[in-house]
Amino acid sequence: LNVTEEKFVLDTLAGCTEYKSILDVVVNAFYVQDGRYCPISERNLYLVICYLATFQLEEIGLQHFSRIVKSLDTAKMQKFLRFFFNDLYLNTWIKDEWSHFYDSVYVKENLIDPLLRWQPKVQQLIEKLTEKLSNRTTTVKTSRVTQPKEFNLTVPKPRAIPLPPPAPPPVLAKRQPVPPSIYKPPKERKQLEEIKTKNIQKAKVSIRSLTCVCKGGPFFLNTLPVQGTILTGREMDPFLPQYFKVVWESVLTQYFEELTKQPQDLIDNIPIKLNTAAILREGALYQRKLEEELKRIENLQQGAGDPTEFLEWQKQMRGKDLEEQLAEIECRRLQGKLSHEEAVLAHQNVIQENKKKADLLREEKAELMHLYAEKRLQEQKEMKELVEQVTEGHKNVKQVKAKIQEYKQQIVQQVCEESEELLRQALEEEEEKNRKRYELIQQIRAIESIPSIKHKFVDLTETGGHGLFGEMSIVELRERLALLKEAQKAAEEEKRDQIIHEKQAKEQLLLDKLDQISQFRAELGRAAALKQEEKKKSQSGERPMKDERILNLQKKIVEKTMERKKQEELL
């Protein structure tokens with residue numbers, strides 16, 4: 001493309017993008033009414049023709065516009081231009097739709113009025129296209145002349161090119177053998193079995209020693225076995241208060257009784273490694289539990305009541321509440337299922353009613369379409385009368401347009417002269433600035449060309465001589481810095497030793513806490529196993545009971561499902 005054609009194409013593309021909203025109104029309406037059978041791929045073609053007719057017709061002229069239209073498909077252009085340059089459409093719904101995007105005064109003066117002025121000339125172009133189409137359709141078909149055909153001889157097939165030999169199959173890499181460790185049991189399980197047997201042996205030894213002490217005399221509580229040794233009451237007096245002896249004895253007796261039972265469902269997992277915070281937190285928890293147990297025993301000694309009966313009654317009440325809640329949940333579920341069945345039946349009834357309403361709507365629509373066709377014919381007659389009135393009022397348009405064109409040319413000439421004067425002044429100012437800048441650069445280069453003394457001799461043992469307090473030479477400053485570094489290093493060594501001692505003390509505390517935690521965990525695990533067995537026994541004796549409401553809801557659901565299936569068969 002040359003420069004003018006390229007500029008015209010770019011301006012058209014930019015305009016179609018800018019005014020896409022109002023162009024889509026016309027093209028969408030064309031596809032709905034007259035262009036129902038036009039392919040959607042030609043949408044951009046109609047957008048460009050609509051833009052040229054609306055915004056560029058006065059600039060490019062009717063001759064150039066006619067050449068563009070005639071270069072395209074005649075039937076499509078004739079149909080689109082007849083739709084777009086319809087006076088009734090321009091003055092009614094096109095004007096109203098464009099007023100949603102721009103001001104109504106702007107739409108009327110700058111968009112609708114120019115189209116109405118060009119409408120008579122464009123109507124002549126539409127008539128030419130119509131004549132062209134009628135001439136094309138009245139062409140007489142000529143009779144065909146018999147033409148000889150060549151014999152259909154068999155063409156020899158080309159020889160097949162020999163294919164190269166097939167490539168050998170790729171050699172797969174050798175698989176690694178399965179490691180033998182997969183078929184062996186893990187080492188951890190074997191270690192746990194050994195630990196379990198050792199614990200059983202220790203428990204048997206402790207039970208024997210306990211039975212020996214029990215046979216010794218009536219004061220056997222004053223002597224207790226602890227890890228193969230026997231602590232008497234005198235040895236415990238300096239360390240524990242009097243009421244702690246009773247707790248110690250009860251804990252140990254319970255421990256030995258649970259060891260004799262040997263529960264089979266112990267958790268055989270590897271112990272979890274705890275961090276420092278977890279160890280201290282768990283140690284504090286067990287210490288608090290121990291203090292609470294001691295306080296409870298002390299209150300019992302002072303005459304306080306035992307809350308076991310109240311706790312048992314509370315447990316039974318909670319069990320009853322739980323059963324009632326489960327029954328209520330089951331009732332709600334069944335009610336939801338019942339409502340679902342009712343909703344299905346109601347939906348089927350609504351479908352039947354909708355079918356009847358649809359038949360009535362079709363009949364009403366046919367009547368409305370008949371009335372609309374009659375109204376459309378009346379509007380077309382009125383539109384023709386309006387077109388005749390408008391053509392009479394546009395006779396003096398050419399003279400007014402010539403005057404406006406001359407006035408615009410005068411304004412353009414004045415603006416060009418003013419712009420040339422301003423450009424000349426700007427060039428003179430720029431030349432003056434460049435000249436001053438060049439002189440300043442010359443001065444700076446002359447100053448930089450003067451030689452200067454860059455070497456200076458310094459004595460490190462002398463002071464600066466500035467007259468300040470505490471002034472010193474560089475050599476003295478270096479000596480003082482060396483002394484400060486040595487003092488800082490000694491302080492760091494002392495701090496490091498202190499941190500090591502604190503760390504060792506903390507590790508010892510953690511080890512003590514771990515021992516205490518392991519003892520408490522063992523006791524709690526055995527107590528939990530006993531509670532689980534009791535719970536299983538209590539649950540096996542109970543029998544589930546169903547509520548009457550649940551049974552009634554189930555019967556209703558069965559009835560509704562039967563009714564729904566019958567309704568579906570009828571449909």
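These are my notebook entries on a few helices of this predicted model.

**Ground rules.** I number residues from 1 along each chain as its sequence is written, and I leave hydrogens and water out of side-chain values, which use heavy atoms. Because the model is predicted, I accept local features only at pLDDT of at least 70 and side-chain atom pairs only at pLDDT 80 or more, while totals for chains, interfaces and linings use all residues.

**Helix α4.** I looked up helix α4 (residues 57–70), helices being DSSP runs of H or I of at least four residues, numbered from the N terminus. Its end C-alpha atoms span only 15 Å, whereas a straight helix of 14 residues would span 20 Å at 1.5 Å a residue. I found a kink of about 65° centred on Q63, the bend being the angle between axes fitted to the seven residues ending there and the seven starting there. Its buried residues (under 20% relative accessible area, 1.4 Å probe, protein chains only) include L57, I60, F65 and V69.

**Helix pairs.** I then checked α2 (residues 20–32) against α3 (residues 43–55), which pack at about 125° with axes 10 Å apart. They are therefore oblique to each other, a word for angles that are not under 35 degrees, over 145 or from 65 to 115. For α13 (residues 308–392) and α16 (residues 548–570), I noted an angle of about 20° and axes 9 Å apart, so these two are roughly parallel (under 35 degrees).

**Coiled-coil record.** The unreviewed UniProt entry places "coiled-coil region" at residues 351–436 and 474–504. Over residues 474–504, I found 100% helix and 0% strand, with end C-alpha atoms 45 Å apart.

Terms used. Expected span 1.5 Å × (residues − 1). Buried < 20%, exposed > 50% of the residue type's maximum accessible area, 1.4 Å probe, protein only. UniProt positions renumbered as here; feature names shortened; annotations may be inferred. Axes fitted to C-alpha atoms, helices over the stretch in contact; angles between N-to-C directions.
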